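Me: Please go through the surface and helix geometry of the model shown here, one point at a time.

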Amino acid sequence: MSALKGLSGSLAGFPGFALRRLVGAVVTLFAISVIIYLVFYVAPGDVAQITCGPRCSPAQVHQVAEQLRLDDPLYVRYWHFLQGVFVGQDYSTGTSVQHCGAPCLGVSYQSGQQVTQLIWAKLPVTFSLVLGATVLWLILGVGTGVLSAWRRGRFTERALTAVTLAGTATPVFVIGLVLMIVVCGQLQLLPFPQYVPFTEDPEQWAWNLLLPWLSLALIESAKYARLTRASMLETLAEDHVRTFRAYGVGERSIIGRHALRGAVAPVIALSANDFGSAIGGAVLSETLFGLPGLGRELVHAVTVVDLPVVVGVVLVTGFFVVLANAVADVLFAVADRRVVLS
């Protein structure tokens, strides 16, 4: 009866827990938007001069500054930015006025393209890279952790531990370069990565992204292997597992039904968190493999000082990081109801 009361109390508290996480995510996103906007738009350099070009006259530079509303106070520009996000915004191009529908993150100084449209065009590439890598690192990491815990004290465990430590210490660009040289260059088992949209050819989409997926997965799977192993060994040392063994329950059944279940909650939380972080940190991978995603777009925007694009990409990646953390908290609470009650 007490267990039923505890479960009902946990279920009753879950909506409140989820609501608190949602409110916290919204507040965090607002704080991130303020900080990012202040940092980038207080940056040194004449944005109007950079946008207009080195051959523009002072009158032309002033006209560009008026079009971009650079003469307005910073808080006024930020307010206009928020209006664009929620209700849209009108922008003057000098000869006409174009409407940027919500959510509007501004217009590129260099191309005149709406930042939202630019991000939507690049986002499938980044999502394809991160999603496939997430599936692979979960399979490799959890599988390695289970095998390592099952073979504790044997050569298999020591070998897998050495491999996971090496994977944790190796940067992604080192593994990526080695794989490209060996797998694509010498062995010619895979093509050099190039993005093919999933809607055009799913098979080529996966085949061309397999090498980037492996590069990310080999590194990220190391911590999942260590986490799964530690969680399973902790569960295997508990009294109820000893009881199962005393009653003759098979080791495979204990591993699959009890020990692995104890590792599910932390693995779920970490994978959701890492998914968001990987979206935000795709710069190295996309630059290394030449994939036209958000990471490469951010590098280009920083190079040409295209502030609306920089702010827009950083805000979108920040949104996914915050969202992934909130989802990780909720999934962890679903897997372990004690989180809701704490």
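**Helix 7 and its surroundings**

Reply: V182 sits in helix 7. This is a predicted model, where local features need pLDDT of at least 70, side-chain atom pairs count only at pLDDT 80 or more, and totals for chains, interfaces and linings use all residues. Residues are numbered from 1 along each chain as its sequence is written, and side-chain values use heavy atoms, without hydrogens and water.

Me: Is V182 buried, partly exposed or exposed?
Reply: Buried means under 20% relative accessible area and exposed over 50%, with partly exposed in between (1.4 Å probe, protein chains only). V182 has 32% relative accessibility, so it counts as partly exposed.

Me: Which helix 7 residues are buried, and which helices do they pack against?
Reply: The buried residues of helix 7 are V172, I175, G176, L179, M180, V183 and C184. With contact meaning heavy atoms within 4.5 Å, they pack against helix 8 (202-236) and helix 11 (283-289).

Me: Does the span of helix 7 agree or disagree with its 15 residues?
Reply: The expected span of a helix is 1.5 Å times one less than its number of residues, with helices being DSSP runs (H or I, at least four residues) numbered from the N terminus. For helix 7 that gives 21 Å, and its end C-alpha atoms are 20 Å apart, so the two agree.

Me: Where in helix 8 does the kink lie?
Reply: Helix 8 spans only 42 Å between its end C-alpha atoms, where a straight helix of 35 residues would span 51 Å. The bend at a residue is the angle between axes fitted to the seven residues ending there and the seven starting there. A kink of about 45 degrees lies shortly before the proline P212, at L210.

Key
Helix = DSSP H or I, 4+ residues; strand = E, 2+ residues; numbered from the N terminus.
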